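Below is a short note on the model you sent over. The points are numbered so that you can reply to them one by one.

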Amino acid sequence: MENLQYVGVAAVVILLLAIPQILYQRNKDTYFVIAEDFDKYKEILAKKQGVPVDQVVID
């Protein structure tokens, strides 16, 4: 039981490092675009959603 605390901390660190990797894998085409050029990001989403740019729904 004494060493179980280290396993818990290691699990949390691994989980926190994995979250950005998972988000990148799900959104490879827009992961960096959203921070660099938001208008281009909205255009990409509009194309994916099949709607005009002003009707884009961002979840």
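What share of the 59 residues in the chain is buried?

1. Burial. Buried residues account for 10% of the 59 residues in the chain. Please keep in mind that this is a predicted model. The chain exposes about 5300 Å², and 61% of that area comes from carbon and sulfur atoms.

2. Fold content. The chain holds three helices and zero strands. Along the sequence the pattern reads α-α-α. The radius of gyration is 18 Å, well over the 10 Å that the globule rule gives for 59 residues, so the chain is more spread out than a compact globule.

3. Overall dimensions. Taken along the principal axes, the C-alpha atoms fill a box of roughly 60 × 20 × 15 Å.

4. Charges. There are 6 positive and 8 negative side chains in the chain. The centres of these two sets lie 7 Å apart.

5. Helix α1, length. Helix α1 covers residues 4-26, which is 23 residues. At 1.5 Å a residue it should span 33 Å, and its end C-alpha atoms are indeed 33 Å apart, so the expected and modelled spans agree.

6. Helix α1, bend. Where does α1 bend, and by about how many degrees? The bend is at Ala 18 and amounts to about 25°. A proline, Pro 20, follows within four residues. Pro 20 itself is found in helix α1.

7. Helix α1, exposure. The number of buried residues among the 23 of α1 is zero, so this helix lies largely in the open. Two of its residues can serve as examples. Pro 20 has a relative accessible area of 34% and is partly exposed, because the value falls between the 20% and 50% cut-offs. Leu 15, also found in helix α1, has a relative accessible area of 53%; this is over 50%, so Leu 15 counts as exposed.

8. The loop after α1. Phe 32 is placed in the loop between α1 and α2 (33-36). Is Phe 32 buried or exposed? Its relative accessible area is 51%, and Phe 32 is therefore exposed.

9. Separations. Three C-alpha to C-alpha distances may help when you inspect the model. Pro 20 and Thr 30 are 10 residues apart in sequence and 13 Å apart in space. Leu 15 and Val 57, with their positions 42 residues apart along the chain, are separated by 29 Å. For Phe 32 and Asn 3, a sequence separation of 29 residues goes with a distance of 39 Å.

10. Summary. The chain has three helices, buried residues make up 10% of it, and α1 bends by about 25° at Ala 18.

Definitions and conventions:
Residues numbered from 1 in each chain as written. Predicted model: local features only at pLDDT ≥ 70, side-chain atom pairs only at ≥ 80, totals over all residues. Heavy atoms only, no water. Helix = DSSP H or I, 4+ residues; strand = E, 2+ residues; numbered from the N terminus. Rg over C-alpha atoms; globule rule 2.2 N^0.38 Å. Buried < 20%, exposed > 50% of the residue type's maximum accessible area, 1.4 Å probe, protein only. Areas by Shrake-Rupley, 256 points an atom, 1.4 Å probe, with all protein chains shown as cover. Lys, Arg positive; Asp, Glu negative; His and termini not counted. Charge placed at Lys NZ, Arg CZ, Asp CG, Glu CD. Expected span 1.5 Å × (residues − 1). Bend = angle between axes of the 7 residues up to and from the residue.
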